[in-house]
Amino acid sequence: MTDQTAIQISGAGPAGLAAALAAVKSGRQAVVFEKRADVGGRFHGDFQGLENWTTDVDVLDELGSLGVEAGFDYTPFNEVVCFSPNGASRLFRSTQTLFYLIRRGNQPGCLDAALKKQVLDAGVEVRFSEPLKHLPQGGIVTQGPRRADAIAVGYLFETDMADGAYAVISDRLAAKGYAYLLVCGGRGTLASCLFSDFHNEKRYLEKCVEFFKDKVGVHMINPRHFGGAGNFSIPSSARKGNILYAGESAGFQDPLFGFGIRWAILSGAAAGRALAAEDPGSYEHFWKQRLRAYHQTAATNRWFFERLGDRGYEYVIGKFKEGRDVRTWMKKSYAPRLWKRAWYHAVASRRTKPILSVHEGCDCTWCRCQHHNAKA
Ligand SMILES: Cc1cc2nc3c(=O)[nH]c(=O)nc-3n(C[C@H](O)[C@H](O)[C@H](O)COP(=O)(O)OP(=O)(O)OC[C@H]3O[C@@H](n4cnc5c(N)ncnc54)[C@H](O)[C@@H]3O)c2cc1C
């Protein structure tokens, strides 16, 4: 039987599972409701990158400090071969890990499966195939994306290629985004990540396959189609009374390139801790301190990125001197800067409207329910 004082969490993605773990570690029981039959249902074993460039602290150490164990398979990557629109390549290399390659889904070794095991071992109750749409006693909403600000379409496959990470920035292959090919241990993921022109996703993907065949001889065995969407925006508040929003449900995801796992786990854990301490206000303080300035900077970076076009990408990639440490370069680009925040407020914030508009007095997890209008 469910403990009536248990913190209720809607959504068993990285944010929700991290929230449950943090609650339990803070001495409160937690119950997670997941609408699908298992964790990681949005994903299919595809490779994703756990970014390791925004802070000096290694991301795995940061997660460890929150009690999140690296019980999933991960491979550190220090280099990426980056192609410019005209097909010229540059090796972007770093002395430290640039990102950890991980897999998403419910199979053994995937991030989601490992987090599920950790929360179950910690005594959290996870109720699968049970969507949760109302939280009258309060709780945490971690239901993932609400709209598509960006989409990814691609293939998962087996391969005899050597391990490697490749990216290409070209509007011909991925409108306002980038395409990537990740190969590790005989598995591969190839995708076009679009921030515009979603309707032509098939055409972009075909061109990406041709491109990677030509440039690196990609050899896909048993290719399976996959795809997904993501959203990002900064809410004015991620709290509605005792209901806290974390991960993509709140809009917490890097708007420049769509890296969201780290912020999902960080925000989920902070929400779990805040409710366990019966101090929901501390969650607002946390994300405004830890995430907001990064988010605003990345949104400004995106504003400029979208205006570069192929000639601009060519210039920026060409300007990068081989031998320069790419992690240091990325860290500098993502570091909060006063002028980027000012630019965000003046210009870049207009690109995406917040997905969250929280109205007090409503217990639904989805705050576009128009409940406040109906009552008026
Ligand atoms: C194709 C693709 C590639 C990506 N690549 C990267 C990458 O390389 N690096 C990176 O950092 N990020 C990447 N991202 C983004 C990253 O996957 C997300 O930011 C991250 O998964 C967000 O975690 P979350 O817990 O907020 O949401 P999710 O992982 O979406 O989890 C939400 C969960 O809530 C459940 N749910 C929804 N509604 C309800 C409801 N009413 N009741 C109960 N449960 C509900 C869903 O079924 C789901 O299990 C990628 C995303 C996509 C789509």
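This tour moves through a predicted model, beginning at the ligand and continuing to the aromatic pairs and the rings that lie beneath arginine side chains.

**The ligand and its shell**

Select the ligand and the residues around it. The shell comprises 33 residues, and the closest are Glu 34, Arg 42, Gly 49, Glu 248 and Gln 253. By class, 14 of the shell residues are nonpolar, 13 are polar and 6 are charged.

Next, display the polar contacts to oxygen atoms of the ligand. At Arg 42, a polar side-chain atom lies 2.5 Å from a ligand oxygen. Glu 34 likewise places a polar side-chain atom 2.6 Å from an oxygen atom of the ligand. Ala 15 contributes through its backbone, with an N or O atom 2.9 Å from a ligand oxygen. Turning on the surface shows the extent of the enclosure: the ligand taken alone exposes 1000 Å², of which the protein buries 93%.

Now colour the model by secondary structure. Helix H1 (14-25), strand S2 (30-34), strand S3 (47-51), strand S14 (221-230) and helix H5 (261-276) each supply at least two residues of the shell. The largest share, 3 residues, comes from S14.

**Aromatic pairs**

Leave the ligand and select Phe, Tyr and Trp. The whole structure contains 20 aromatic pairs. Centre first on Tyr 74 and Tyr 100: their ring centres are 5.5 Å apart and their planes meet at 85 degrees, so this pair is edge-to-face. Tyr 74 belongs to the loop between helix H2 (59-65) and strand S4 (75-77), whereas Tyr 100 belongs to strand S7 (residues 99-103); the pair thus links distant parts of the chain, 26 residues apart. Tyr 74 is partly exposed, at 37% relative accessibility, while Tyr 100 is buried, at 7%.

Move next to Trp 303 and Trp 343, an edge-to-face pair with 5.3 Å between centres and 65 degrees between planes. Because Trp 303 lies in helix H7 (residues 292-319) and Trp 343 in helix H9 (residues 338-346), the pair ties together parts that are 40 residues apart in sequence. Trp 303 counts as buried, at 17% relative accessibility; Trp 343, at 30%, is partly exposed.

Then select Tyr 178, Tyr 180, Phe 257, Phe 305 and Tyr 313 together, as these residues form one aromatic cluster.

**Arginines over rings**

Finish with two arginine side chains. Arg 302 lies over the face of Phe 195, at 3.6 Å from the ring centre. The charged end of Arg 203 sits over the ring of Tyr 204, 5.3 Å from its centre.

How values were computed:
Residues numbered from 1 in each chain as written. Predicted model: local features only at pLDDT ≥ 70, side-chain atom pairs only at ≥ 80, totals over all residues. Heavy atoms only, no water. Near = heavy atom within 4 Å. Polar contact = N/O pair within 3.5 Å; in protein donor to acceptor, adjacent residues only side chain to side chain. Areas by Shrake-Rupley, 256 points an atom, 1.4 Å probe, with all protein chains shown as cover. Helix = DSSP H or I, 4+ residues; strand = E, 2+ residues; numbered from the N terminus. Nonpolar A, V, L, I, M, F, W, Y, C, P; charged D, E, K, R; others polar. Phe/Tyr/Trp six-rings, centres within 6.5 Å; stacked < 30°, edge-to-face > 60°. Buried < 20%, exposed > 50% of the residue type's maximum accessible area, 1.4 Å probe, protein only. Lys NZ or Arg CZ within 6 Å of the ring centre and 35° of its normal.
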